[in-house]
Amino acid sequence: MNALKKWIGLSAVFVSFGVAAFYVAASKPPVELTGTGKSIIDFHAHVAGLGYGNSGCFINKEMRDNVRFPLYLWAMGVSLNELEEQGDSIVVKKVSDAVAQSSRVNKAVILAMDGVIDSKGNLDKNLTQIYVPNEYVYEQTQKYPNLLYAASINPYRKDAIQRLEQASAQGAVLIKWLPSIMYIDPADPALIPFYQKMIELNMPLLTHTGMEKSFSSARDELADPQKLALPLSMGVTVIAAHIATTGESHGEDNFERILPMFKQYPNLYGDISSLTQVNKLGFMRKVVSAPELQGHLIYGTDWPLQFFPLVSPLYHLGDITLKQAIQISLIRNQWDRDVALKRAMGVKEEVFQWSDKLFNQG
């Protein structure tokens, strides 16, 4: 709680600073910040729910009692009453509406989220912190042409292969894992048949790498990026979410552990979601300058984790100018603001378009 108070206090300072600076330098964002054309795909957007409207979603008690829970509701722009009255699907509609209003982002990939699987191959609801079913995400994304479906399948499910085939048949653009909360060991040889099926179906894997701080608990050892050597060596296209920019494994910084892998495995990519958050200051500079990452970066936001005070252009005054920071802060649309900030920080335009070429989802 003390840490939260300090965070809020620091945020208030930035708010006051930003308001004062606004009167000095405010103007409409120039073209070089916002860019032109609506063609970008956001490959990393989350939704969640509490089961309203028969969504099948749930968040366990531990997570609902966590200090993060009300912040996430606020970030998604919904209240408990709104979810109860209109159903969990209101969150998906809000995403679609915001993407529609963006001048740069054309589509967003909505990620399902599987849970922990027990020894019998079934979902363990007691250990699962958040669950967003494939069926729900598939049905919702069919309603909106600017949303794409990403399935989540824990490979320890007894019917994992069948679920993977179904996801492919339904047009899923990728499979999403969060190993540290789904309790998946990517290096487990038992997963080889699942990886083989992914290769057969040409299905990419988007998997979290690095320490996980968004949930009440996590097994961070499972998100060691070097555990991805098994699927990569087999030929699976792997996207390392956040490029392992948090935590350590075996006494070594996770980001340093993953960098050499991009040279070793041409089928390894990294998404730049979350890299503007206050807990990752300086990493975007490292990412855009690392030669190992050139041609291997994909755009993502990690929506809804774009909210102030978690993200602000004012945190990055070492990489952008004060005028840029203020101009970007004035952009109302979340996706346009995210694109403008990342471009100002040195992300090349090809990164915003590379995902379209890689997955042919334009």
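Which element gives the most to the lining of the largest pocket? Keep that in mind while you get your bearings; the tour comes back to the pocket at the third stop.

**Before you start: colour by confidence**

What you have open is a predicted model. The pLDDT averages 89 over the protein, and 88% of the residues score at least 70. Now select residues 1–27: here the pLDDT is below 50, although the stretch has 26 contacts in the model beyond near neighbours in sequence. Where pLDDT is low, the predicted coordinates should not be read in detail.

**First stop: the three-stranded sheet**

Show E1, E3 and E5 as cartoon. These three strands make an open sheet in the order E1-E3-E5, with parallel pairing. Strand E1 (40–46) and strand E5 (147–150) sit at the edges with a single partner strand each, so one side of each has no neighbour in the sheet. Look along the sheet for its twist: on average, neighbouring strands are turned by 30 degrees against each other, direction ignored.

Next, zoom in on E1 and strand E3, residues 105–111, which pair in the parallel sense over five bridges. For a landmark, pick His 46 and look across to Leu 111 in E3, which stands opposite.

**Second stop: the five-stranded sheet**

Move on to E6, E7, E8, E11 and E12. This is another open sheet with parallel pairing, and its order is E6-E7-E8-E11-E12. Strand E6 (175–177) and strand E12 (297–298) are the edge strands, each pairing on one side only. At the E12 end, two bridges join E12 to strand E11 (residues 268–271), and the two run parallel. Select Asp 271 and you'll find Ile 298 of E12 opposite.

**Third stop: the largest pocket**

Switch on a surface and select Arg 68, Tyr 72, Lys 213, Ser 214 and Leu 305. Of the 40 residues that line the largest pocket, these lie nearest its centre. About 930 Å³ of space lies in this pocket. Helix H1 (2–25), E1 and helix H4 (68–76) are the elements that give two or more residues to the lining. And here is the opening question settled: H4 gives the most, with six residues. Do bear in mind that residues 1–27 have a pLDDT below 50, so treat the H1 part of this wall with care: where pLDDT is low, the predicted coordinates should not be read in detail. Colour the lining by class and you get 25 nonpolar, nine polar and six charged residues.

**Fourth stop: the largest cavity**

Now for the enclosed spaces. The whole structure holds five cavities of 30 Å³ or more, and about 70 Å³ of space lies in the largest. To find that one, select its lining: Val 288, Leu 293, Gln 294, Gly 295, Leu 297, Gly 346, Val 347, Lys 348, Glu 350 and Val 351. By class, this lining divides into five nonpolar, three polar and two charged residues.

**Last stop: backbone oddities**

Which peptide bonds to Pro 304 and Pro 309 are cis? Start with the bond from Trp 303 to Pro 304, which is cis with omega near 10 degrees. Pro 304 is in the loop between E12 and helix H14 (322–329). Pro 309 is also found in the loop between E12 and H14, and a cis peptide bond joins it to Phe 308, with omega about 15 degrees.

Finish at Tyr 183, which is not a glycine but has a positive phi of about 60 degrees. Look for Tyr 183 in the loop between helix H9 (179–182) and helix H10 (192–201).

Note on methods: Residues numbered from 1 in each chain as written. Predicted model: local features only at pLDDT ≥ 70, side-chain atom pairs only at ≥ 80, totals over all residues. Heavy atoms only, no water. Pairing = 2+ DSSP bridges. Helix = DSSP H or I, 4+ residues; strand = E, 2+ residues; numbered from the N terminus. Axes fitted to C-alpha atoms, helices over the stretch in contact; angles between N-to-C directions. 1 Å grid on protein atoms, 1.4 Å probe; cavity = no way out; pocket = protein on both sides within 12 Å on 5 of 7 lines; lining within 4 Å. Points joined across faces, edges and corners; volume = space filled by probe spheres on them. Nonpolar A, V, L, I, M, F, W, Y, C, P; charged D, E, K, R; others polar. pLDDT = per-residue confidence, 0-100. Contact = heavy atoms within 4.5 Å.
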